[in-house]
Amino acid sequence: MRYYLAALVLLLALWQAVAYVVNKPYLPPLADVVARALRDGPTLAKNLAATLARVGAAASIALASGIAAGLAASWLSERVSANLLKAAVLLTYPIPHVALLPILLHLFGIEASKVALMSLIAFYPVALSVMEWTQRFPRDLAALIYTMGGGRLAVVRYAVLPSALPGIITGLKIALNTAYSVSFIAESLALTDGLGALIYDSWHRLDFAEMYAAILTLSAAGVLTYAAMSALEKKLTEWL
């Protein structure tokens, strides 16, 4: 923890130093940004709540669909279907999914398309992590389950999923931070609410102190979420 705090202090000190050296409106001193964040606290809190709601919805969809796709790609009894699904996930992963935005807008409308874009991009870390980790289950335990009359479903439930839990949590951590990053693009589609919309709007108004205050708020939310997920991971996997 002390290394994270030291790195944070160094980064903030570097920002303050560079801002004084550059002395341009587009890079205000950290002290000015903090003062603006304190002044705009209610506005930042309102937009943070909107962003958190979208990130939560997107991560939930990505987690459910990613686990389902990852398990199906690895454990469908029909190997042809499983291999096709795995190939489809791998082939569509490098696609710049932001380019699909016009299609999402047409299908889901403005508000739902924001969550759809965030969940689509966050889906892949979960699915790929589940596909990888579900291959690392204890074979002897699976053999024992088969010997005792258990089927493929029992193997998945008692051997595959518990051993894949660290991979699922890792995929979720990446998915959550991906959703935070994509929220800027998704929320700048329509300037209704959310920190992404606030960043985009203040940027175009050349209100850089407000823009950086919103960026810091979004970054802090991402870091705290990651820390919470790391604590949850430690608690859930302490038996491993």
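Which helices each supply at least two residues of the lining of the largest pocket? Keep that in mind while you get your bearings; the answer comes at the second stop.

**Stop one: the whole thing**

You're looking at a predicted model. Colour it by secondary structure and you'll find nine helices and zero strands. Follow the chain along the sequence and the pattern reads α-α-α-α-α-α-α-α-α. Zoom out to take in the overall dimensions: the C-alpha trace spans about 70 × 45 × 30 Å along its principal axes. Of the 240 residues in the protein, 41% are buried.

**Stop two: the largest pocket**

Back to the opening question. Select α1 (2-22), α2 (30-39) and α9 (208-236): each of these helices supplies at least two residues of the pocket's lining. Now leave just α9 highlighted, since α9 gives the most to that lining, with eleven residues.

To find the middle of the pocket, show Y4, L8, S219, A220 and V223 as sticks; of the 23 lining residues, these lie nearest the centre. The pocket has a volume of about 760 Å³. What classes of residue make up the lining? Colour by class and you'll get 20 nonpolar residues, three polar ones and no charged ones.

**Stop three: a salt bridge between α5 and α3**

Time for some charges. The structure holds twelve salt bridges, and we'll visit a few of them. Start by selecting E111 and R54, which form a salt bridge with their closest N and O atoms 2.9 Å apart. This pair links distant parts of the chain: E111 is in helix α5 and R54 is in helix α3 (residues 41-75), 57 residues apart.

Switch on the surface and compare the two partners. Is R54 buried or exposed? R54 has a relative accessible area of 5%, under the 20% cut-off, so R54 is buried. E111 sits at 40% relative accessibility, between the 20% and 50% limits, so E111 counts as partly exposed.

**Stop four: α7 meets α9**

Next, select K173 and E233. Their side chains meet in a salt bridge, at 2.9 Å from N to O. Here again distant parts of the chain are linked, with K173 in helix α7 (residues 152-187) and E233 in helix α9, 60 residues apart. Don't expect to spot either one easily on the surface view, though: K173 is buried, and so is E233.

**Stop five: a charged network**

Now pick R205 and D207, whose side chains meet in a salt bridge at 3.6 Å, N to O. Which other residues belong to the network around this pair? Add R36, R39, D40, D201 and E210 to your selection: salt bridges that share partners join them with R205 and D207 into one network. Check the surface here too. R205 is partly exposed, with a relative accessible area of 43%, whereas D207, at 17% relative accessibility, counts as buried.

**Last stop: a nonpolar patch**

Finish on the outside by selecting I103, L107 and F108. These three form a nonpolar patch on the surface, with about 320 Å² of accessible area together. Click on F108 and you're in helix α5 (residues 101-133), the helix that also holds E111 from stop three. F108 has a relative accessible area of 45%, which lies between 20% and 50%, so F108 is partly exposed.

Key:
Residues are numbered from 1 along each chain as its sequence is written. This is a predicted model: local features need pLDDT of at least 70, side-chain atom pairs count only at pLDDT 80 or more; totals for chains, interfaces and linings use all residues. Side-chain values use heavy atoms; hydrogens and water are left out. Patches are made of residues with over 30% relative accessible area and no salt bridge: like charges are joined within 9 Å, nonpolar side chains (Val, Leu, Ile, Met, Phe, Trp, Tyr) within 5 Å. Accessible areas come from the Shrake-Rupley method with a 1.4 Å probe; for residues, only the protein chains shown count as cover. A salt bridge is a side-chain nitrogen of Lys or Arg within 4 Å of a carboxyl oxygen of Asp or Glu. Helices (H or I, at least four residues) and strands (E, at least two) are DSSP runs, numbered from the N terminus. Buried means under 20% relative accessible area, exposed over 50%, partly exposed in between (1.4 Å probe, protein chains only). On a 1 Å grid over the protein atoms alone, a cavity is a set of points where a 1.4 Å probe fits but cannot get out, and a pocket is an open set with protein on both sides within 12 Å along at least five of seven lines; lining residues have an atom within 4 Å of a point. Grid points are joined across faces, edges and corners, and a volume is the space filled by probe spheres set on the points. Ala, Val, Leu, Ile, Met, Phe, Trp, Tyr, Cys and Pro count as nonpolar, Asp, Glu, Lys and Arg as charged, and the others, Gly among them, as polar.
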